[in-house]
Structures are given as structure tokens and as C-alpha cells.
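Trainee: I would like a close look at one pair of packed helices, and then at what surrounds them in the rest of the chain. Please go slowly and explain the terms.

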Amino acid sequence: MSFKSLGLSEPLLKAISKKGYETPSPIQAKAIPPVLEGKDVLASAQTGTGKTAGFTLPMLHLLSKNPIQKHRPIRALVLTPTRELAAQVHANVKEYSEFLNIRSTVIFGGVNQKPQVARIRQGIDILVATPGRLIDLESQGVLSLKRVEIFVLDEADRMLDMGFLRDIERVMKLIPNKRQNLMFSATFSKDIKKLAYSILDNPVHVEATPENTAVEIIDQKVHRVAKGKKTGLIIKLISEGNWKQVLVFTRTKHGANRLTKKMISAGITAAAIHGNKSQGARTKALAGFKRGTVRVLVATDIAARGLDIPLLPHVINFEIPNISEDYVHRIGRTGRAGASGQAISLVSADEISYLRGIEKLIGMKIDVEIIEGFEPDPNASTEPIKPGQNRNRGRGGQRNKTSNSRNSGGGNKNANHNRNKNRNRRRNNENRN
Ligand code: AMP
């Protein structure tokens, strides 16, 4: 199978070969043909499968087939949950459109809107956006979505997790009914299926590799350990293993900061990436990690979602997630594209019940190893950590509720107040990860 046989145009083939891709990934081979035929597509794929090119390449092909219009209305809209993902998708759009007469830009919250507005005013064909900033700029009259022909919803499951359902529904009202829709999601809960049903028209369903297959090729291990000894153990593993590029997950932003400081004190270059960090700090941390000047990136789930870091050799769960699907997302950062990777989880007594939930989801038992000097505490309580202690999740849930209340406020004296309040919430939401 070649990219050429998929029917992509010459300028795209040139950009693909410049990127160094030789063959389409499975999701690309499956998604590109129906998208080129103008069909709606529902794709089950997570980061690392090549999904971005899976929708970007045929989208560019379709847009460039039609004559460019004078004022360049926005003809394709890509909605992503996080600003990192928006920036990455746009970087891909830019690269693949290098030999085409297509203009694109990206907008997201947490940064000054002025440069974004200026670029939009110059006329663009493709807009990559996070929901909050998109709705803000549309309501300010900066942009119109009335001429959108292709709508892409990327990482739909994370969109819902982050409380963006109302915003998605709002965006749907701003784009024409007649359009082509592409929806990508790593997991398919009842809510995702409901959303797909409301957005897509008779979609073709494509799947990368069943998640379990991905899980099976990753070398997974659990170290049972006393809670207070986790930091010592992680430092030992990284130092003695001489690991050069490690992604570590913590449950909270504060936990990420604390652990990062301790690693640095132990002589391991580390950086934290989460919602309390400025965009500049996050970009710098990620760039350092990719370059190899930062050995350890400590991240929360939402911050790590969508990060484009190919072929990570090691992922460590400093704390395992209380949502089993998040475990699959986390370890999916290693063992990509068939290369084997290692996913290690440090599990204390209060996390045992979450571990059992994960094993049930992935349908396998994870090997347990106890390291001398870092044994579990036999007297520790096995009472699970309360989900309320997981700050990211807790707030997301709240936001969902408040965005429901937004609708009931419409039309009365409180409407403006509610709108402003919700706009701020959305901003926080986009700043959060
Ligand atoms: P994505 O799942 O879209 O985040 O892509 C994951 C990584 O795979 C990115 O670094 C892409 O540049 C890379 N990639 C995408 N398609 C291909 C391909 N056909 N061959 C090799 N690498 C690819």
C-alpha cells in the first residue's frame, strides 16, 4: 500500500515524502479513502497512530480541488480539546500543505487574541481551534463558520472529559447542516456514541488497531511499594537504568511539581507540564524533552494528552489513574508503531482497587515485582484514594454541570453575567491542562 494508491494529489505526495513517510499507517489506509469520497467518518484511534495525517491529508486534497474563493471563508474547522494538540495539528496542516495554495491558522485560549485575529482577517481556508477561543472570536464577529464544508472533531472523548459538550453543541449550530464530518476518539463510551450519532451522517467506522493489541505489545510491570518510598524508587529506577527519556504521570499538578523538584535535587533533569504552567514554560519543557536536554517530563493526564512525542521508551505511572481508560492512554505513549516500550506503575496499598479495575479493562494481569528496600507497607490501608483528590477530574465534572446551567440563564437579566462567567470557565478549562 502506498500513499499514491490512496489517490492523494501530487503536492500532498511531495509533502509526505518530505516528511519521510513511506507507507500509510493502518488508520491512514482505512480513513483516507472514505474521506476522499466525501463520506462522514468515525475513527477509533489514539495519538501515535498517525490519525492527524489520516484526516489532514484527505481534507487538504478535497479543499485544494475546489477553486480558492476570493475572500477565503473558513472551509474546514478542526476542533481539539487542548491547545497543545491544536498547535500540533496545525503544525501538521502547515507541513502537509506546503506545496498547496491553502492557508491555515490556529487559535486557542490563554494567549493574546490579537495576533490570532490578525491572521484570521487575512483570510484562511482551515482553522484549527479549541472550543472556548473559537466561540469567543465568533461571538465577537471576528470569524464566521457559515461556509465550513469539513468539520473535524479530534479526541472527542477528551473533549467530553473536559466538559466541552455544550461548547461542541454550540459550534454545531454555527456551521452549515450540509457538511462532511470526521470524528476521532480513542475510546467509545455511551456518551461518545450519542455525540457521534448527533453529529455524523451515516458514517463509515474505521479502527486503528484494537486497543488491546496495543496494550499487549507494551512491556508492563507493577512495583508494589510503600507510598512514602515511591520517590526514592522512581529515582533509583531512572538513575540505575540510565533511562534517557521518561514520561512520568502524577495524579495532581502539585504532585507533579513536588516530584520534579525532588528529581532535580537528585541530579536528574526534569520538568513538569500541567495547567498551572504558562504556555511558554510548557512549550520549553516539551522541546527540551524532545531534544533530550530534559530526561524526565512529569505530567498530569490532561496535559499529556495529545502530546506528539514519538517512540517513548519509558512511561512511569507514579500514581495509577482511578479511571481505567486513562491507563490505556498513558501507556499508549510507549510501544508506538510496533516498537516495544516499557510501562511501569508504582502501586501503593490505596491503589490496589484501581489496579484491579485496569486489569479487568485490559483483560490481563500485570506482572508484579517488589524491589528490595522499597517493599510495600503491610500496615497501610487499602482504602482507595478518593477520586475527589484527583483535582483535574473533579473540576471537569463541575464544569459540566455549570455549562448546563448556562442554557437556563439565556434571555434574562443574568444572561450576560452567566455568559461572562462561562467564558472565563472555558478559558480556565483551556488553561487547565
Ligand atoms: P499522530 O497519531 O497523528 O499524533 O502521529 C504520530 C506520529 O507518527 C507523528 O510524529 C507523525 O509525524 C508520525 N506519522 C504519521 N503518519 C506516519 C506514517 N505514515 N509513517 C511514519 N510516521 C508517521
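In what way do H2 and H3 lie to each other?

Mentor: A word on the source first. This is a predicted model, in which local features need pLDDT of at least 70 and side-chain atom pairs count only at pLDDT 80 or more, while totals for chains, interfaces and linings use all residues. Residues are numbered from 1 along each chain as its sequence is written, and side-chain values use heavy atoms, with hydrogens and water left out.

Now your pair. The axes of helix H2 (residues 26-36) and H3 come within 9 Å of each other and cross at roughly 25°. Axes here are lines fitted to C-alpha atoms, for helices over the stretch in contact, with angles from 0 to 180 degrees between N-to-C directions. H2 and H3 are therefore roughly parallel to each other. The classes are roughly parallel under 35 degrees, roughly antiparallel over 145, roughly perpendicular from 65 to 115, and oblique for the rest. On the H2 side, the contact (heavy atoms within 4.5 Å) is made by Ile27, Gln28, Ala31, Ile32, Val35 and Leu36. On the H3 side, the residues are Lys51, Ala53, Gly54, Leu57, Pro58, His61 and Leu62.

These two belong to a set of 18 helices, alongside 14 strands; helices (H or I, at least four residues) and strands (E, at least two) are DSSP runs, numbered from the N terminus. The protein has 433 residues, and 56% of them are buried. Buried means under 20% relative accessible area, exposed over 50%, and partly exposed in between (1.4 Å probe, protein chains only). Among contacts in the protein with a separation of 6 or more, 77% are between residues 24 or more positions apart.

Follow the chain out of H3 and you reach the loop between H3 and S2, which is the place of arginine 72. Arginine 72 is buried, with a relative accessible area of 9%. Leaving aside residues up to four places away in sequence, arginine 72 touches Asn101, Ile102, Arg103, Gly123, Ile124 and Asp125. One of those, aspartate 125, also has a salt bridge to arginine 75, at 3.7 Å from N to O. A salt bridge is a side-chain nitrogen of Lys or Arg within 4 Å of a carboxyl oxygen of Asp or Glu. Arginine 75 sits in the loop between helix H3 (51-65) and strand S2 (76-79), and aspartate 125 in the loop between helix H5 (114-121) and strand S4 (126-129), so the pair ties together parts that are 50 residues apart in sequence. Both arginine 75 and aspartate 125 are buried.

The structure holds 20 salt bridges. Another of them joins glutamate 351 to lysine 230, with the closest N and O atoms 2.6 Å apart. Glutamate 351 lies in the loop between strand S13 (342-347) and helix H16 (352-362), while lysine 230 lies in helix H11 (residues 230-240), so this pair ties together parts that are 121 residues apart in sequence. Glutamate 351 is buried, at a relative accessible area of 0%, and lysine 230 is buried too, at 3%.

H11 also carries a salt bridge within itself, between glutamate 240 and lysine 236, whose closest N and O atoms are 3.2 Å apart. These two residues are four apart in H11, about one turn of the helix. Glutamate 240 is exposed, with a relative accessible area of 61%, and lysine 236 is partly exposed, with 26%. Elsewhere, salt bridges that share partners join Lys51, Asp154 and Glu155 into one network. Lys51 has come up already, on the H3 side of the contact with H2.

For a second helix pair, take H11 and helix H12 (residues 253-265), whose axes come within 11 Å and cross at roughly 50°. That makes H11 oblique to H12. The contact is made by Thr231, Ile234, Ile235 and Ile238 of H11 and by Leu259, Lys262 and Met263 of H12.

One last residue is asparagine 379, in the loop between strand S14 (367-369) and helix H17 (391-408). Asparagine 379 is exposed, with a relative accessible area of 71%. From C-alpha to C-alpha, asparagine 379 and alanine 349 are 9.0 Å apart in space, and they are 30 residues apart in sequence.
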